[in-house]
Amino acid sequence: MTLDLRRIFATDNSKLSIEGSLDMSDVDIYAGFPLKKPVRYYGAVVNESSVVTLNLKIDFEFTAPCDRCGVLASECHSVTIDKSLATSLERQESDTIIVVPDMQLEVDELVYSEVILNLPSKHLCREDCKGLCIKCGKNLNEGECGCDLSEPDPRLEKLRDLLKD
Ligand SMILES: [Zn+2]
Ligand SMILES: [Zn+2]
């Protein structure tokens, strides 16, 4: 979606509402397609006393294997964009200003890059995911496996020795 902002820039105290969705299901990242549902966004461009600002909220659902147990899990995330819009940069580069020389805002491009930049670095099926047993590989969220973990894993011992130095 391309927003024509000429009327907004020309009219003090005007407002243009934005609402839409973007299909990002073809984004292939983390060995999968984590954005299965359309990304939703809504907000407005507002001209307040000749200062034009963009407020946009982006909601996306991230689906990927849990970092600890590997079970496929979905979690909703939100990104808020709160920036000024200007037709040129008077001073040096600023990351609080989006420059729109022709007063056209490519909303889809903006949403796309914001979502990519804000993909979660940590993804758990639940906050207290117990993960997998290091011995038998059982998913410990489903219950105890009964392994005796007091006898240390020789591989972990080696790692511990390395970390000691
Ligand atoms: Zn998990
Ligand atoms: Zn076990």
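Q: What makes a residue buried or exposed in this predicted model?
A: A residue is exposed if 12 or fewer other C-beta atoms lie within 10 Å of its own, and buried if 20 or more do; the model to which this is applied here is a predicted one.

Q: Why is N13 called exposed?
A: N13 has 9 C-beta neighbours inside 10 Å, and because the cut-off for an exposed residue is 12 or fewer, N13 counts as exposed. Its place in the chain is the loop between α1 (6-10) and β2 (14-22), and the phi of N13 is near 55°, a positive value in a residue other than glycine.

Q: Why does S49 count as exposed?
A: Inside 10 Å, S49 has 6 C-beta neighbours, and since an exposed residue is one with 12 or fewer, S49 counts as exposed. S49 is found in the loop between β3 (39-48) and β4 (51-65).

Q: What is said of the phi of S49, and where in the hairpin does this residue lie?
A: The phi of S49 is positive, at about 50°, and the residue lies in the turn of the hairpin that β3 and β4 form with two residues between them; S49 is a residue other than glycine.

Q: How do you know that β3 pairs with β4?
A: Pairing asks for at least two bridges between two strands, and β3 and β4 are joined by nine bridges in the antiparallel sense, so the two strands pair by that definition. One position can be followed by name, as A44 has N55 in β4 for its bridge partner.

Q: What makes β2 and β3 a pair of strands?
A: Nine bridges join β2 to β3, and the two run antiparallel; because at least two bridges are needed, the strands meet the requirement for a pair. Within β3, G43 is the bridge partner of I18.

Q: How do you know that the radius of gyration of the protein chain is not that of a compact globule?
A: A compact globule of 165 residues would have a radius of gyration near 15 Å, whereas the protein chain has 23 Å. Along its principal axes, the C-alpha trace spans about 75 × 40 × 25 Å, and buried residues make up 14% of the 165 residues.

Q: Which secondary structure elements does the protein chain have, and in what pattern do they follow one another?
A: The chain comes to three helices and seven strands, and along the sequence the pattern reads β-α-β-β-β-β-β-β-α-α.

Note on methods:
Residues numbered from 1 in each chain as written. Chains lettered and ligands numbered in written order. Predicted model: local features only at pLDDT ≥ 70, side-chain atom pairs only at ≥ 80, totals over all residues. Helix = DSSP H or I, 4+ residues; strand = E, 2+ residues; numbered from the N terminus. Rg over C-alpha atoms; globule rule 2.2 N^0.38 Å.
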